[in-house]
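User: I'd like to go through this one piece by piece. Can you take my questions as they come?

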Amino acid sequence: MTLTEPDRTVTAAAHAVDLFKTYGTGDAAVHALSGVNVAFDRGRFTAVMGPSGSGKSTLMHCMAGLDRPTSGRTFIGGQDISLLNDAGLTQLRRDRIGFVFQAFNLVPTLTARENVTLPADLAGKKVDLEWLAYLADALGITDRLSHRPSELSGGQQQRVACARALINRPELIFADEPTGNLDSNSSAEMLGFLRRSVREFEQSVVMVTHDPRGAAFSDCVVFLGDGKVVGELQAPTEDSVLERMRQMGT
Amino acid sequence: MWKVAVRGMRAHKLRLVLTALAIVLGVTFISGTYVLTDTLNNTFSVLFGNIYKHVDFQVRGVAAFESNAPGGGAVRRAIPESLLAKVRRVPGVGVAQGTVAGYAQYIARDGKAVVTGGAPTIGLSFDPNDELSALRLTQGTAPTSPHDVVMDAGTAGKYHFTVGDRVRILLLGPPETFTITGIATFGTANNLAGATLAAFTLTTAQALFHEPGRLDSINVRVAPGADKTQVQRALAAILPHGVEVVTGQTVVNEQTSTISKALGFFSIALLVFAFISLFVGAFTIFNTFTITVGQRTRELALLRIVGASRRQVFWSVLVEAAVIGLVSSLIGLALGVLAAVGLVKLLSGFGITLPTGPLVFEARTAIVGLLVGVGVTLVAAVGPARNAVRIPPVAALVDHPVVHAATLRRRYVVGGLFSAVGIGALADGLTKPAIQLVGLGAVCIFIGVAQLAPVVARPIASVLGRPLAKLLGTPGRLGRENSMRSPRRTAQTASALMIGLALISAVAVFGASLSRSATSSIDNAISANLIVTSSSNGMGGFSDTVPGVAAAVAGVTATSTVYAGEFEFQHSISTMTAISTKSVGLTLILRMTEGTVGALAHGELLVDSTTAMTSHVAVGDFVSVRFAKTGASTVRIGGIYEPNALIGSYLSGDGFFLSHFENPVPLAVLLQTNGSTGVERRVIAALHAYPNLKIQTRTQFEKAQQAQVSQLLGLIYALLALAVLIALIGIVNTLMLSVFERTREIGLLRAVGMKRRQVRTMIRAESVILALFGAIIGILVGTFLGVALAASLRQQGITEIAVPVSSLVTFLVLAGLLGLGAASWPARHAAKLDVLAAISTE
């Protein structure tokens, strides 16, 4: 999915142009991203794959406004976020993006419910209670909402994080190895829910993963290697992902 | 392990600096106090050595007893002047000169009396022999006529007097005008530690001080070639009973030790504050080490895995503490020297000019400073080091290592025990009274309360945080949650502040009680409408012609003169107050429990009920007393009155007093008026010639007494503020460490949309809750201590107990604001944290 098809960027949930990210200087310089052009489609579930050090997490951080690229530009829904200052980025993350991380997704002092409504509370917005009830029900955490994170299992914690990511109906959800710490049952439930949110509410989701089985839940896989986009696979299955990874020699 | 400890420290420089600050401040106090007092001692001993360089012997009255007053020396009787001729005739005596000293206070050009910062205003005889004289003329000549005076260079410089000027001087008799014939220094100093000096010819001085034909002492210089021991023996042989001869060196030593005693009082006060700083500092250190051991759980567990023994882990923590203690103590020692220099400057700013001399840094200063600084740090680190030992090796391998600390139940027991012992010691110390026990009791109570504080930390933080959460929204709620998260840590951090505020509150309660008692005791003790005292803070006296002048004013119906002096009552030195017997019933209110006020007129002594009880005396008893002038005798107890802070424990009539004391100066005159208009104005006009007087109505007098109390309180508050400062450093420290600990959490909050401002608000809310928690407990404990202290001094005249609610509320609000201030750095740091820190895997 390179930029040979320019019109796609107009409809993309997010896209990046000539993205470079370098850590350190001189001999010690590490090029985490070296010229990435990529677009994530609206209303689709995209997986970003690649071996360790391929730059997949860096790409996500830059595109979500968590980190600043060394050069190049990143867009969320057509807005150039490289032009935003810290306050602008914070607001962007709060109102337009949802996050699910591998671990440490929840604030330990808050209950599950408070964690879910945190972005809305921080913005001083009213929480859509119907939507909250619906999400809790869909994720099976309704009876766990008054508990603190320490009283929840790993799978439950990730589902609470998922609800938090969706509570503001963001334009885009970034998930960074969301199943990294989960057993296979919880993983499947989690990924199933992400896919369901794409199908049912036309949610756009970008997930960084190194698990081919997880990638198979997505609509499209973008492969990264050495800081560059090295391939793309539509309608992946576990086998086709593995096949492609073998071809790339990883 | 040594290497691990050192590397660990290098990795946490900031933590080190913050922890060290408390120790640095405490040791600075210790070192500053020692350097200052050693330097002053040395300077004075050099000064006196210089002055008495050529005085081989001094002939003087034998000491009746040592004065109890700070800075007071031996109380001696004058010797007859006729002795001077006899001394001069002793073979081997080269030069002999008599001296006499008394009260003389200059009046400045603007008509106001020259006042000193509490130092005496000394008049003395000028010794024409410059080898024997303490005074060295720098300008002009010695006094020759009865109208000549030599002024000290300090007063001359400050009030712009030169040789040839005329100056009025207040004396025991009416004020007189003199011509300045010379300006002199006291040895090498401009004056004697702020005291003013007026030197007259010997005969003039004797007349002015009402000592005709008498001398205080005779200074002797041995003739060249004479054998000193023989001369001393010969001198001793001719002296009558009650007169002694001592060497010049003895005089130097005595004078120096008198100054040392006065300084000792001052240095003990400063050392108490050093102790308070270090005690509060110990809490901060304990807290910091507890947190850092917690932070390094995984690292320490890893050390255990690779083979470090428990003992090695323990010592790695203690070594870190020792190094911190050592470095901070060294810095504190150095700063103390600077502080001493600064204090000397400060004192001279108050008009207490001290002679200049080299700084004295005794080995003792370094040893005590280092021992205390390192010791306190080590003791505070032992607990955390023991926690470190409990970390199991497996903690390195799990995700969220949890080390089970001792349960809160142990805290109940330990805290309860400490509090109980503390209250016991306090009660015992207050009733005895023994100040050490009181201090020990307070320390135990502080430790006990600090142990118990975690139990109440969560509910109190929850209540305190509720309005904040409501006011500040989500960040406020998060701050509240954070403060409730670890009650142990909250309590530990707040403990230091608790102690600081407890001390301040105790002082406030005590001060308010003292102030109110003083007011009510004035109302209960004095019925006079006008009170005449000396303007130098009620310390100095004034001319004995004043009562007569005041009594002659139209509208004044009764006049009572008040004196005070030291005497020996049943072999212990006490202060006797005396009042004119004629009019005592009209100016003074005495609530007699036994006997009558009239007994005063018969030369009998009245004592207050406390003294009657502790000394086991009753009305009609004859008790043994001793006076410097008249020696031992017995006196009948004529009555017992209720304790009165203003009058003191022993009251006699003026006739009795004047016959037993040498030339006493009146301390106060109580005037009863007929209430006619303008009496006060007429009294002021009549006493115009005495600018050293303060003429106050009873209300003004009460106000002045209260002002004195608040002035003292202000000074104590300023010193205690240091303890609060150290406590605040502790809060900064804890918050900073919490921010480090919660890096990921803060990153997560930022990732899901928390603004920087909101992060800052969150940290500030936590800090304010911490500070308020410490302040509330501190104010409660302090109020308890203050009430206990005030209640125990009921017999000493603190009859009323006042809790200054508005002051305490002010402290609470200030503590909250200080908490807000303490949060500023951690809050800024937290707001600047990298968002990525939350999600980047370790």
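User: Let's start with the hairpin strands: how many bridges join S1 (residues 12–23) of chain A to S2 (residues 30–41) of chain A?

Analyst: First, a word on the source: this is a predicted model, where local features need pLDDT of at least 70, side-chain atom pairs count only at pLDDT 80 or more, and totals for chains, interfaces and linings use all residues. Residues are numbered from 1 along each chain as its sequence is written, with chains lettered from A and ligands numbered from 1 in the order in which they are written. Strands (E, at least two residues) and helices (H or I, at least four) are DSSP runs numbered from the N terminus, and two strands pair if DSSP finds at least two bridges between them. S1(A) and S2(A) run antiparallel, and the number of bridges joining them is nine.

User: Which residue in the turn of that hairpin has a positive phi?

Analyst: Six residues sit between S1(A) and S2(A) in the hairpin. On the strands themselves, A:Lys21 stands opposite A:Leu33 in S2(A). In the turn, the residue with a positive phi, about 75°, is A:Gly24.

User: Why is one side of S2 and of S5 (79–80) of chain A left without a neighbour in the sheet?

Analyst: The sheet is open, with four strands in the order S2-S1-S4-S5 (chain A) and antiparallel pairing. S2 and S5 of chain A each lack a neighbour on one side because they stand at the edges, each with a single partner strand.

User: What is the bridge partner of A:Ala14 in S4(A)?

Analyst: S1(A) is joined to S4 (residues 71–76) of chain A by five bridges, and the two run antiparallel. Helix H2 (residues 56–63) of chain A lies across S1, S2 and S4 of chain A, at about 120° to S1(A); angles run from 0 to 180 degrees between N-to-C directions, with axes fitted to C-alpha atoms, for helices over the stretch in contact. As for A:Ala14, its partner in S4(A) is A:Ile76.

User: What is the strand order in the sheet of six strands in chain A?

Analyst: That sheet is open too, with mixed pairing. Its twist averages 20° from one strand to the next. Within the sheet, four bridges join S7 (residues 172–176) of chain A to S8 (residues 205–208) of chain A, which run parallel, and A:Asp176 stands opposite A:Val208 in S8(A). The order is S6-S7-S8-S3-S9-S10.

User: How does H6 (residues 154–167) of chain A lie against H7 (residues 184–201) of chain A: roughly parallel or roughly antiparallel?

Analyst: The two helices pack with their axes 10 Å apart, at an angle of about 15°. Angles under 35 degrees count as roughly parallel and over 145 as roughly antiparallel, with 65 to 115 roughly perpendicular and the rest oblique. So H6(A) is, with respect to H7(A), roughly parallel.

User: How many residues does chain B give to the contact with chain A?

Analyst: Residues are in contact if their C-beta atoms, placed from the backbone, lie within 7 Å. Chain A puts in 24 residues, and the elements giving two or more of them are H3 (86–96) and H4 (112–123) of chain A. From chain B, the number is 23.

User: And what percentage of the 842 residues in chain B is buried?

Analyst: A residue is buried if 20 or more other C-beta atoms lie within 10 Å of its own, exposed if 12 or fewer, and partly exposed in between, with C-beta atoms placed from the backbone. Chain B has 24 helices and 26 strands, and its buried share is 50%.

Methods:
Two residues are in contact if their C-beta atoms, placed from the backbone, lie within 7 Å.
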